[in-house]
Every structure is written in C-alpha cells, then in structure tokens.
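Thanks for coming, everyone. Please have a look at the structure on the screen, and I will then walk you through a few parts of it.

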Amino acid sequence: MKTVNFGIAAMAMAGVMVSFSARAEFDWQTALNGEHRSAAAIARNEHRHPQETLEFFGLEPGMTVLEVYPGGGWYTSVLAPLMKGQGTLIAGHFDPNGGGYPRKSLGGFLKTLSAHHGVYSEVVVSAVQPPIATGRIEAESVDLAVAFRNVHSWINSGHVNAFFEEIYDTLKPGGVFGLVQHRGADDLPMAASGDLGYVAEPVVIELAKAAGFELEASSDINANPKDTADYPQGVWALPPSLDGAETAEQKEAMLAIGESDRMTLRFVKPAE
C-alpha cells in the first residue's frame, strides 16, 4: 500500500511547486561509533578528528573518493559506512605482489573488510604503489583523494614524487586532495622524514605543487602544540605506539602530550 503525504499532495493539486532536496545526509554516529569499530579505534576519534577533517576536505554524498594507503583501515572504517549507497570509496592499498611488508599490510586490511562485510561490501580495493602499481585507477575519475600520515612512507620508498603525480592523475579537474601528515620543523631535511615520521610542511606543499596541485586551504584541526617532534624514536614515541617509554612515568609523559602535531592541507587540481 502506498503512503501519501497529503500535505504535499494538496499543494501539488493547488498548483504549488514542491521542491525536494536530493542531497542525502551522512550517518556520522554509525561511522564514528558503529559496532564494526573497536573500542580502541573509537577512542582515537578524540585525537584524529575524523568528522571535522573530512568535512574540511569537502566530503559529500555522491562523490567518488580515493583513500590512498589506508594501512589497517582506521579511516576506512569511517569512510565506508558514510559512502555505502552514497557514492564510491576506493581503497588504494599496496599491490599484492609489492613485497613482504606490503603483502602483509594488504592482507590485514582485507581481513578487516571480510570480518565486517556488511559495512565494507561496497569498498573497491585497488593498488597505488608506484612504480609497481600505477594507472590502476581510471584517470580523472576521482572527486576527492585523501591520505592520512603517509608522506613519510612515500619518502622512505624513494618514489614520493610518483605518489603525488599518481594521485593528481586520478583526480578530476577541480578535484580535491586532502592530506594529513605528522608535522616536523620547517627546516627538517626531507631525507630524515622516512625514519622520524615527521615531515616539514613546506616540503609537503612543494611536493604537491611539483605534481601540479594548488594549495587551497590549511587547518589546525589536527594541530597539537604539545608535540615537540624531537624524539629519538620519531613520532612513534607518542601514543598509540609509545616506543621507548619503558617506565610508567615515561608513558604518562607521552600520554600527556597526546598524538602528534599534524598539518591538515587541502589541495586542488586546477580546473581546465
């Protein structure tokens, strides 16, 4: 039996034009606190600010979104329920033949997806791992590309420029690249970033510009002035890793600082 909204029907009969909003709304409650997410993952919402970050990047229903190097899938667990039935989420992970660690990382990610298939059933898994895997994602098919704390790994791979170029190629003209990265001192040499996890913000901006991007906006959503970014263990001295913290006092000190100071940058691919 059909359900009729008599108020709308009456207006239509009276010749009144009725307009409907085609824009869907995201279910942030499920995305951030759903049963598919562990208690540890949910606890990190406070430090990683996923809703504020994704809104700053301009995430909207109907988009094709590329998450580059999703790792274990922390952000995928937020994006997947948001995008399910409301767009396309592509996880640009390691190539399965890309080496020992890449294969292990990809395997763990796929295991997570299969364990909660109902949430992740629409996630499209592809590979973004220059120079082994390039051009796997259709050029100019993506509205929004996002990468979270990966630039140091790209530097460590020796192919950092290729990553930025690959992301640039996948984006539509006018598309956005949203990037979050552990922020080091402005004079931190890029060569040191692979081991420390921190990257100088001017270095990231120049890498993006070299690929053709324009810096559209920056935000302090993920800033943390308590982070001195000068630990021998690099960013992994901080939570959640707490590397090098062997005593209760050392752990308390690192926990009091919190997670890393991070730049949050929104780049755009110039429209043709």
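Just after helix H12, Gly 212 takes a positive phi of about 115°, and helices here are DSSP runs of H or I with at least four residues, while strands are runs of E with at least two, both numbered from the N terminus. Helix H12 itself covers residues 201–211, and its buried residues are Glu 201, Val 203, Val 204, Ile 205, Leu 207, Ala 208 and Ala 211, where buried means under 20% relative accessible area, exposed means over 50%, and partly exposed is in between, with a 1.4 Å probe and protein chains only.

I should say early that this is a predicted model, in which local features need pLDDT of at least 70 and side-chain atom pairs count only at pLDDT 80 or more, whereas totals for chains, interfaces and linings use all residues. Residues are numbered from 1 along each chain as its sequence is written, and side-chain values use heavy atoms, with hydrogens and water left out.

Stepping back to the whole protein chain, there are 13 helices and 8 strands, and buried residues make up 48% of the 272 residues. The C-alpha trace spans about 75 × 45 × 35 Å along its principal axes.

Now, which residues are linked in a network of salt bridges? They are Arg 44, Arg 149 and Glu 259, and by salt bridge I mean a side-chain nitrogen of Lys or Arg within 4 Å of a carboxyl oxygen of Asp or Glu. Glu 259 meets Arg 44 at 2.8 Å, N to O, and this pair links distant parts of the chain, 215 residues apart, with Glu 259 in the loop between H13 and E8 and Arg 44 in the loop between H3 and H4. Both Glu 259 and Arg 44 are buried. With Arg 149, the closest N and O atoms of Glu 259 are 3.5 Å apart, and here the two partners are 110 residues apart in sequence.

The loop between H13 and E8 also holds Asp 261, and Arg 183 lies in strand E5, so their pair ties together parts that are 78 residues apart in sequence. The closest N and O atoms of Arg 183 and Asp 261 are 2.9 Å apart, and both residues are buried.

Finally, is His 116, in the loop between helices H7 and H8, buried or partly exposed? His 116 is partly exposed, because its relative accessible area is 30%. Its C-alpha lies 9.4 Å from that of Glu 35, although the two are 81 residues apart in sequence.
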